[in-house]
Amino acid sequence: MALTPYMAPDSMTQTVPTQLPAEWRDFFALTKPRVMSLVIFTGLCGLLAAPGSIHPVLGFTAILCIALGAGGAAALNQWWEADIDAGMKRTAARPLPSGRMNRTDARDFGVLISAASVMIMGLGVNWLAAAILALSIFYYAVIYTVWLKPRTPQNIVIGGGAGAFPPLIGWVAVTGEISLMPVLLFLIIFMWTPPHFWALALFVKTDYANVGIPMMPVVRGEASTRRQILAYAVLLVPIAAAPWLIGGTSYVYGVASLALTLAFLALSVPVAFRQTGVNDTMKPEKRLFAFSIIYLFALFAALVADRVLANQGWIA
Ligand code: HEM
Ligand SMILES: CC(C)=CCC/C(C)=C/CC/C(C)=C/COP(=O)(O)OP(=O)(O)O
């Protein structure tokens with residue numbers, strides 16, 4: 001597959017509407033809009049794939065709350081990490097390390113939109129969805145950012161849980177209860193996160209090493225990270241197919257999940273068995289990282305397509 005190798009631009013300096021006043025642009029950038037677009041998309045797919053129905057206004061409210069909560073957590077992450085971000089090429093131009101924004105403003109903005117997201121979700125949608133949203137904000141802003149990230153190379157394995165909640169939140173917004181299907185959606189993102197992030201960490205390794213963040217390639221070395229990427233990609237094959245295997249979807253999702261995850265696995269293999277020299281361009285790693293994003297968009301889109309076809313009575 002011909003993919004343009006991913007160059008790891010910082011999402012904060014990209015896709016921020018240039019017509020906004022400068023300060024607004026910085027607040028918008030603080031929500032990590034590009035990363036959060038996939039978070040919001042998986043939340044929306046969880047909502048659309050759930051059985052039952054939700055009034056469109058409430059459905060829109062639920063997605064808005066996931067967006068606000070994720071953006072708020074991202075702002076708190078950058079408030080806490082302003083000094084670390086200043087030391088990395090990829091993140092030095094963010095609003096705080098560049099000095100364009102005051103730290104207290106970033107903190108207050110993060111707290112305000114996080115709290116608003118949970119309150120609106122609880123009052124407008126349901127309190128179980130609000131509780132899981134609150135947990136995911138706390139998970140990203142505190143458990144991952146403050147506790148795990150500076151301490152252990154397993155930071156993103158355990159911390160990856162934070163980013164896996166949105167489809168569960170979307171689902172619970174509709175059903176008001178947790179069942180096996182949304183737990184499987186959680187597990188898919190949980191298993192996807194290590195290869196997604198470590199593929200990138202392999203080519204921005206020196207950045208993390210310079211600021212003392214114990215990411216896997218820095219602490220355990222490249223060879224071990226590469227083997228672990230492959231292990232998670234292998235585990236992802238049955239886990240991504242599980243919604244079909246338990247009868248929660250038709251063969252349409254089943255076939256799509258197998259095709260996509262086997263492609264993901266195929267791109268992980270060259271990454272797993274490579275040794276690189278100093279001037280390596282890291283093409284296989286960049287390709288895997290780029291595909292990881294396409295993969296998750298496509299997998300969740302396939303889930304929704306499957307459910308729409310089933311609701312129309314076109315497939316069983
Ligand atoms: C602990 C878990 C994760 C870590 C440490 C992580 C880290 C990163 C990093 C460092 C980047 C590079 C670009 C940037 O600086 O923004 C990135 C890009 C990206 N991540 Fe993740 N990620 C994680 C989980 C997730 C999750 C759960 C999603 C969505 C479901 C996601 C979606 C994306 C997307 C869409 C991009 C591309 C952004 C762009 O095009 O600039 N990530 N991730
Ligand atoms: C609903 C809700 C709260 C969702 C949270 C979604 C979530 C946890 C996404 C994680 C993705 C992310 C921006 C990781 C960046 O890691 P980093 O912050 O270590 O990256 P950096 O080095 O770019 O700062």
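Into which domains is the protein divided? Colour residues 30-177 as domain 1 and residues 179-315 as domain 2. Keep in mind while looking that this is a predicted model.

**The two domains.** With both domains coloured, place a marker at the C-alpha centre of each; the two centres lie 21 Å apart. Next, select the residues that make the contact: domain 1 contributes 33 residues, and domain 2 contributes 33 residues.

**The buried surface.** Show the surface where the domains meet. Domain 1 and domain 2 bury about 2800 Å² between them, and carbon and sulfur atoms account for 78% of that area. On the domain 1 side, select L38, P153 and I156. These residues supply 21% of the area that domain 1 buries against domain 2, more than any other three residues.

**Pairs across the interface.** Now look for links from one domain to the other. The rule finds zero salt bridges across the interface of domain 1 and domain 2. For polar contact, the rule finds three residue pairs there, with both residues at pLDDT 80 or more.

**Helices on the domain 1 side.** Select helix 2 (33-49), helix 7 (155-159) and helix 8 (161-175) in turn; each supplies at least two residues of the side of domain 1 that touches domain 2. Which helix gives the most to this side? Return to helix 2, which gives the most, with eight residues.

**Colouring by class.** Finally, colour the side of domain 1 that touches domain 2 by residue class. The view should show 18 nonpolar residues, ten polar residues and five charged residues.

Notes: Residues numbered from 1 in each chain as written. Chains lettered and ligands numbered in written order. Predicted model: local features only at pLDDT ≥ 70, side-chain atom pairs only at ≥ 80, totals over all residues. Heavy atoms only, no water. Domains from an automatic or database assignment. Contact = heavy atoms within 4.5 Å. Buried area = accessible area lost by both parts, 1.4 Å probe. Salt bridge = Lys/Arg side-chain N within 4 Å of Asp/Glu carboxyl O. Polar contact = N/O pair within 3.5 Å; in protein donor to acceptor, adjacent residues only side chain to side chain. Helix = DSSP H or I, 4+ residues; strand = E, 2+ residues; numbered from the N terminus. Nonpolar A, V, L, I, M, F, W, Y, C, P; charged D, E, K, R; others polar.
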